[in-house]
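Biologist: Before we discuss any term, please show me the model, and let us then ask of each label what justifies it.

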Amino acid sequence: MLLFGLGPTWAADAAVAKKPFHDLATRIAESDKLARYDFASIALDELITAYQKSYRESAFEQHQKSRAQLKLARWRRESKSFIDQLKSQVQALSYQSRIDIEPDHSGPLIIFVDNTPIVISGPEIAEAGSMEQRIIDRYCQLHDCAHESGEPPTKTPSASHVPRGGWRITHRQGAIYETGDGLIFVFRTLDDRADKQARCETIARDLRILVEQIQKAQRAGYSVEWEQLTIATLHDGITEQVVINRAGDYLNMDLNYFGQQRGLAQPFLGWAAQRSAGKAVSVVIADAEKLIR
């Protein structure tokens, strides 16, 4: 049974599909046999491609904690098995197959091939829209659906623009750099002020990107368990994989400070959790000199 097939693993379910994709699937579900066959063939091919890409990239991931290593190893085993199952399903697929499409606007699309359910849900949240758009584009090269192809997926949003922070000097605390969204960095002196300010702004940018991506995942229906949140840097040395819950759902993003084994600890974790919930919050980062060592 291919009803996702990987269960709670290192990989993430794909985000809830966008409206154009479900609209097209809804029309095809009521269309003729050829339309359903073409759509299913393309969707399964794109699903295999997405998992193969994730599987290849996972071979270069490095984790220091044994628990994370075991989770990754388990995901790789189950992912390889799932890919093999999908390939077998594609090989068995023919024009004579019974193909039913179940477009549920509250969740991922399910395609039934000879009564076997297959969830069209890629391994990475942020890539869900791109995979769906590729399916749309390929299908619409074969069929006339100019009014059904929808709009291309939007790019991952950049961090919301927040004015740069400012410095203030206090008699008791020393030099304080405070951002407009409540990050208060306390330094003993103003020495190396430019370097300190640059590091504060880098940290603030990373946290804003994290909050935006977490909110995106929450809107797509994913649970975020802050106590389970972990960050690992991928083999390219740039991309961080942020695991957001026990199921292993993750987001890929480029963070300039966090990652590289730094992780995300308090008070940054608490700030991000509150901001993700839409709340105004301020946190004090004492002894901020340690952030530039």
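Modeller: Helix α2 (residues 33-58) lies across β1, β2 and β3, and runs at about 60° to β3; such angles go from 0 to 180 degrees between N-to-C directions, along lines fitted to C-alpha atoms, for helices over the stretch in contact. What you see is a predicted model, in which local features need pLDDT of at least 70 and side-chain atom pairs count only at pLDDT 80 or more, while totals for chains, interfaces and linings use all residues. Residues are numbered from 1 along each chain as its sequence is written, and side-chain values use heavy atoms, with hydrogens and water left out.

Biologist: How many helices and strands does the protein chain have, and what makes a run count as a helix or a strand?

Modeller: The protein chain has six helices and 10 strands. Each is a DSSP run, numbered from the N terminus, where a helix is H or I over at least four residues and a strand is E over at least two.

Biologist: How do you know which strands β1, β2 and β3 pair with, and why are β1 and β3 called edge strands?

Modeller: Two strands pair if DSSP finds at least two bridges between them, and β1 is joined to β2 (residues 109-113) by four bridges, so this pair meets the definition. The three strands form an open sheet, ordered β1-β2-β3, with antiparallel pairing. The edge strands are β1 (99-102) and β3 (116-120), each of which pairs on one side only. From one strand to the next the twist averages 25°. You can locate the β1-β2 pairing at Ile 101, which stands opposite Ile 111 in β2.

Biologist: What makes a group of residues a nonpolar core, and which residues have the most contacts inside the largest one?

Modeller: A nonpolar core is a set of buried Ala, Val, Leu, Ile, Met, Phe, Trp, Tyr and Cys residues joined through side-chain atoms within 4.5 Å, where buried means under 20% relative accessible area, exposed means over 50%, and partly exposed lies in between (1.4 Å probe, protein chains only). The largest such core has 38 residues, and Phe 185, Phe 258, Leu 264 and Phe 268 have the most contacts inside it. Among the elements giving two or more residues to this core are β5 (174-178), β6 (183-187) and α6 (268-276), while α5 gives the most, with nine residues. Another core lies apart from it, with 31 residues that include Ala 43 and Tyr 139.

Biologist: With what is Phe 185 in contact, once its neighbours within four places in sequence are left aside?

Modeller: Contact means heavy atoms within 4.5 Å, and, with those neighbours left aside, the partners of Phe 185 include Ile 176, Tyr 177, Cys 200, Ile 203, Phe 268 and Leu 291.

Biologist: Is β5 mostly covered or uncovered, and what joins β5 to β6?

Modeller: β5 is mostly covered, as four of its five residues are buried. Four bridges join β5 to β6 in the antiparallel sense, so the two count as paired, and the bridge partner of Ile 176 in β6 is Val 186. In the hairpin of β5 and β6, which has four residues between the strands, Gly 182 takes a positive phi near 95°. β5 also pairs with β4 (residues 166-170), antiparallel and over five bridges; these two form a hairpin with three residues between them, and Gly 166 stands opposite Glu 178 in β5.

Biologist: Why does Glu 289 count as buried, and where is its place?

Modeller: Glu 289 has 9% relative accessibility, which is under 20%, and therefore it counts as buried. Its place is in the segment after β10. A polar atom of its side chain lies 2.8 Å from the backbone nitrogen of Arg 188.

Biologist: Why is one side of β7 and of β9 left without a neighbour in the sheet?

Modeller: The strands form an open antiparallel sheet in the order β7-β8-β9, and β7 (230-233) and β9 stand at its edges, each with a single partner strand, so one side of each has no neighbour in the sheet. Helix α5 packs on this sheet, touching β8 and β9, and its direction makes about 150° with that of β9. Four bridges join β7 to β8 (residues 239-243), where Thr 230 stands opposite Val 243.

Biologist: And what share of the protein chain counts as buried?

Modeller: Of its 293 residues, 47% count as buried.

Note on methods
Polar contact = N/O pair within 3.5 Å; in protein donor to acceptor, adjacent residues only side chain to side chain.
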